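Please work through the exercises below with the sequence and the coordinates at hand. Each task is followed by a solution that goes step by step.

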Amino acid sequence: MRIRSENGKLIVPSDPEIVYIEGDGVGHEITDKMRAVLDSAVMRSYGRSRHIEWVEALAGGKAVEKTGSSLPEETLSLIKESLVAIKGPLMTPVGKGAMSLNVALRQSLDLYACVRPVKYFDGVPSPVRHPELVDMVVFRENTEDIYAGIEWPSGSDEARRVIAFLTEGMNVSRIRFPETSAIGIKPVSPDGSKRLIRSAIDYALCNRRKSVTLVHKGNIMKFTEGGFRAWGYEMARDEYGAEERDGRIVIPAGWGGVEIKDCICDAFLQNILIKPEAYDVIATLNLNGDYISDALAAEVGGIGIAPGGNINYMTGHAVFEATHGTAPDIAGKDIVNPLSMILSGALMLEYIGWDEAAALISGSVSKAIATGRVTRDFAVLMRKEGREAEELSTSAFAQSLISIIES
Ligand code: NAD
């Protein structure tokens, strides 16, 4: 049966229909493994009382082959009706005007929050000394900022017209090279910022997290990034009753409250290396979020183990995804690390409230990595660190994970 959303709450049947998109490149090797792992965790956690009804939707190469379109209208309707979906990576068509399928999906479903949990699994090779101190959930705004795509190339008629409007109509005198500048516009609104920050605060409250940090560059971009910061504090005060306590802004809650604080983005990128334990839930704008998610993912083991979801908490629509791309250099070789996709599946289970199955997957991933029997990307790095590692194929690694779940 279909999952429904009522007043911002998901109503999940015992046999929810979940849409999956296989993806291109390594998508063919990781999506089926993710489904098998989720099915096994659900069976182990709930027996026959719950199961996922998987429904395939086409996108990318497979869709072009079967329908002539890379993102058929039926795929969008299916996700709109079923609410929750998970996708493998999709190749971005190269060429002028070709829109990324990922962006098209996010825009048409208004998936405004890109949610990326970043935590360390014991034994994963990492470039930092104390990766275990990293335990954050990044909420990246997904619809505004320079990613809104409002820009014109150097020398174009449009760029010249915007520059003329700014210099003649708005008294702007600080465009250093007005004859040749390309122009980009960065819209950031209270509506867009507040709905994102609200999601981050709600998440922190529901999951008993200690703090929400607003990461911005408001010292330079006072009205856009500075606005994000100001609207965040304003909303915490007006909607959640945040108050000052010993010089800190805190939302009162039974277990000690959630602190609301902020940090300038460049300082934040230093701090996550120097004192990652100071941060918990992060709310940030689109471009900062892009840099931050990748930097944090690298600290805990990189792209092969970085899950994500794009969510509209108001409508309930959510598309979970492996955060890496189609990895064309290793596609078809059965060596890709399936963990980013599998952990995105676990994040999806958490989203629909099947926490036991999600926790079982997370715990089993730790155990699987601890055996030292891992995919090539991890094995190479583990050996470099002087540790023993046995290289498993993607299929063998997924099978060993399922054996741990079932044991
Ligand atoms: P990529 O993430 O596909 O690959 C970058 C490097 O990381 C490659 O060397 C690859 O082998 C390695 N890698 C990636 N995932 C891995 C995994 N799970 N296990 C082991 N190694 C892994 O980035 P790219 O090469 O820049 O992009 C390839 C295609 O993917 C492009 O068309 C791009 O637009 C698309 N892309 C899609 C998404 C998405 O669907 N969300 C995200 C990023 C890129």
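## Exercise 1: the ligand and its surroundings

In this predicted model, a polar side-chain atom of Asp329 is placed 2.8 Å from an oxygen atom of the ligand.

Task: Which other residues have an N or O atom facing an N or O atom of the ligand, and what share of the ligand's area does the protein bury?

Solution. Start from Asp329, whose contact, at 2.8 Å, falls inside the cut-off of 3.5 Å for a polar contact. Next, take Ala327, where a backbone N or O atom lies 2.7 Å from an oxygen atom of the ligand. Then turn to His324, which has an N or O atom in its side chain at 3.2 Å from a nitrogen atom of the ligand. For the area, the ligand taken alone exposes 820 Å², and 67% of that is buried by the protein. Finally, consider the whole shell: there are 20 residues around the ligand, and those that come nearest are Leu90, Thr92, Gly325, Ala327 and Asp329. By residue class, the shell divides into eight nonpolar, eight polar and four charged residues.

## Exercise 2: aromatic pairs

Task: How many aromatic pairs does the model contain, and why is the pair of Tyr20 and Trp54 classed as it is?

Solution. The count comes to seven aromatic pairs. For Tyr20 and Trp54, the ring centres are 6.1 Å apart and the planes stand at 85°, so this pair is edge-to-face, given that the class requires an angle over 60 degrees. The next step is to place the two residues in the chain: because Tyr20 belongs to strand β3 (residues 17-21) and Trp54 to strand β4 (residues 53-56), the pair ties together parts that are 34 residues apart in sequence. Tyr20 has a relative accessibility of 9% and therefore counts as buried, and Trp54, with a relative accessible area of 16%, is buried too.

Task: What is the geometry of the pair formed by Tyr313 and Tyr351, and where in the chain do the two residues lie?

Solution. The centres of the rings of Tyr313 and Tyr351 are 6.3 Å apart with 70° between the planes, an edge-to-face arrangement. Tyr313 is in the loop between β15 (307-311) and β16 (318-322), whereas Tyr351 is in helix α10 (residues 339-351), so the pair links distant parts of the chain, 38 residues apart. As to exposure, Tyr313 counts as partly exposed at 26% relative accessibility, while Tyr351 is buried at 17%. Both tyrosines also belong to one aromatic cluster, which is formed by Phe139, Tyr203, Tyr313, Phe320 and Tyr351.

## Exercise 3: charges over rings

Task: Which ring does the charged end of Arg35 sit over, and which ring face does Arg176 lie over?

Solution. The charged end of Arg35 is found over the ring of Tyr20, at 4.2 Å from the ring centre. Arg176, for its part, lies over the face of Phe177, 4.3 Å from the centre of that ring.

## Exercise 4: positive phi values

Task: Where does Asn7 lie, and is Asn7 buried or exposed?

Solution. Asn7, a residue other than glycine, has a positive phi near 50°. Asn7 lies in the loop between β1 (4-6) and β2 (9-11). With a relative accessible area of 83%, Asn7 is exposed.

Task: Where is Asp110 found, and what is its relative accessible area?

Solution. Asp110 also has a positive phi near 50°, and its place is the loop between α4 (101-108) and β6 (113-119). At a relative accessible area of 29%, Asp110 is partly exposed.

Methods:
Residues numbered from 1 in each chain as written. Predicted model: local features only at pLDDT ≥ 70, side-chain atom pairs only at ≥ 80, totals over all residues. Heavy atoms only, no water. Near = heavy atom within 4 Å. Polar contact = N/O pair within 3.5 Å; in protein donor to acceptor, adjacent residues only side chain to side chain. Areas by Shrake-Rupley, 256 points an atom, 1.4 Å probe, with all protein chains shown as cover. Nonpolar A, V, L, I, M, F, W, Y, C, P; charged D, E, K, R; others polar. Phe/Tyr/Trp six-rings, centres within 6.5 Å; stacked < 30°, edge-to-face > 60°. Helix = DSSP H or I, 4+ residues; strand = E, 2+ residues; numbered from the N terminus. Buried < 20%, exposed > 50% of the residue type's maximum accessible area, 1.4 Å probe, protein only. Lys NZ or Arg CZ within 6 Å of the ring centre and 35° of its normal.
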